[in-house]
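Me: I have a structure open in my viewer and would like to learn how to read it. Could you take me through its features one at a time?

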Amino acid sequence: MPNAEQVKSTAERVAKPLLRVLAGDQRTPPPIWLMRQAGRYLPEYRAVRADAGGFLDLCYDSERSAEVTLQPIRRYGFDAAIVFADILLIPHALGQDVAFKQGEGPCLEPIRKAGDLAVLRPEGMLEKLEPVMGTLRILARELPSECALIGFAGAPWTVATYMVEGGSSKDYLTVKRWAFGEEPGFAALIDRLVEATADYLVAQVRAGAEVVQIFDTWAGVLPEAAFRRWCVAPVKAIVERFRAQCPTVPVIAFPRGAGPLLLGYAAETGVDGVSLDSAMPLAWARENLNDARVLQGNLDPALLVAGGQPMREGIATILEAMKGRSHIFNLGHGIVPPTPPEHVGELVATVRELAGRNG
Ligand code: CP3
């Protein structure tokens, strides 16, 4: 019979580093994964993508989505895999027309007034998203034992920007005009997204996700009052609804570009971790964001494109700033397609080498 110490040390060895940090531990080296770690910078992704048909076909193909999720895990040994899917699957599964055109990004049939909400049909949404659960079930079976499985969704504000603008936007004028000008109608859209998103995240957990991340990519385009109304309140409502079903599953939010509006964000929304964009000074975050159990981030994706000494210095600065703090190493935004795949390998090796030296 092993004694208690041996049992404990076995448990520690098998526990996944990412989950341990989200439970409040500090780890040297920190666990690492990268937003958009699956994608066009990898030749093996482009090969699967070329065979799959359109991008949405790939997202709804559990076998192929699991394969492209696993590709960067095999190459780099990341501490977490993020299920291959997209934040625009929710509007698609709710019944909005969504298309991804080569070289143009997403294209949606816009919803711009309360009367347009009738196209959104929550009943049947989870059945349409069932292939994503299929992807998660494959991953739960096939991932290495130390690799955590992350599910995700877009935050209501960010998803709404695409739903209302009809695609990507430069100035967010159409969605802001609705949000600022006719609050009750826009609130009805956000409320529907809150429910759909929480239910979708719960379903992902039931299918094997161990952590969930909420991407609020366009949080930074709103002034303070609107940020509280359309970013903080909906994420808080999602977390409440989600926690009622999944009380122990950690939640990370990525309110990109929010800057000093992040003061109090974790306490108000109830998230465990906050993912920081590259413009956020880590010394400031460390001093001011103590309500977040974990900070994630925040290497500039362009430093990963550049590689070499500039990347090494960027990594060293982050590790130094986060020493002794619960931290997950990540980028400040997703990997961009021109990234040389070998730089990603160098990044992982450098984080582990430098952290080892510091720790
Ligand atoms: O590896 C991973 O990170 C998991 C998969 C993932 C994708 N999209 C795959 C994808 C994740 C987590 C996302 C999130 C996502 N999708 C966000 C939030 C994060 C961020 O990057 O800000 C947003 C805003 C979207 C919406 C979206 N999807 C846009 C605007 C585009 C077109 C622009 C682009 O980068 O091409 C996508 C397409 C998309 N989503 C691709 C991938 C791999 C590229 C499509 C292709 O292969 O042709």
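Me: How many residues of each class make up the shell around the ligand?

Reply: Sorting by class comes first: Ala, Val, Leu, Ile, Met, Phe, Trp, Tyr, Cys and Pro count as nonpolar, Asp, Glu, Lys and Arg as charged, and the others, Gly among them, as polar. Here the shell has 11 nonpolar, six polar and four charged residues. Do keep in mind that this is a predicted model, where local features need pLDDT of at least 70, side-chain atom pairs count only at pLDDT 80 or more, and totals for chains, interfaces and linings use all residues. Residues are numbered from 1 along each chain as its sequence is written.

Me: Which residues are the closest to the ligand?

Reply: A residue is near a molecule if its C-beta atom, placed from the backbone, lies within 6 Å of it. The ligand is surrounded by 21 residues, and A38, G39, G105, F215 and T217 are the closest.

Me: In what order do the strands of the open sheet run?

Reply: Strands of a sheet pair through backbone hydrogen bonds, either parallel or antiparallel. Strands (E, at least two residues) and helices (H or I, at least four) are DSSP runs, numbered from the N terminus, and two strands pair if DSSP finds at least two bridges between them. In this model seven strands make an open sheet with parallel pairing, ordered β1-β4-β5-β6-β7-β8-β9. At its edges are β1 (80-82) and β9 (327-331), each pairing on one side only. Inside the sheet, β5 (residues 211-216) and β6 (residues 251-255) are parallel partners over five bridges, with I214 opposite A253 in β6.

Me: Which strands run antiparallel?

Reply: Look at β2 (residues 98-101) and β3 (residues 105-108), which are antiparallel and joined by four bridges. K101 faces G105 of β3 across this pair. Three residues lie between the strands of the hairpin, where G103 has a positive phi near 75°. G105 is also among the residues closest to the ligand.

Me: At what angle does helix α16 run to β8?

Reply: Fit lines to the C-alpha atoms, for helices over the stretch in contact (C-beta atoms, placed from the backbone, within 7 Å), and take the angle, from 0 to 180 degrees, between N-to-C directions. Helix α16 (residues 308-322) lies across β8 (294-299) and β9, at about 160° to β8.

Me: And how many helices and strands does the protein have?

Reply: The protein has 17 helices and nine strands.

How values were computed. Two residues are in contact if their C-beta atoms, placed from the backbone, lie within 7 Å.
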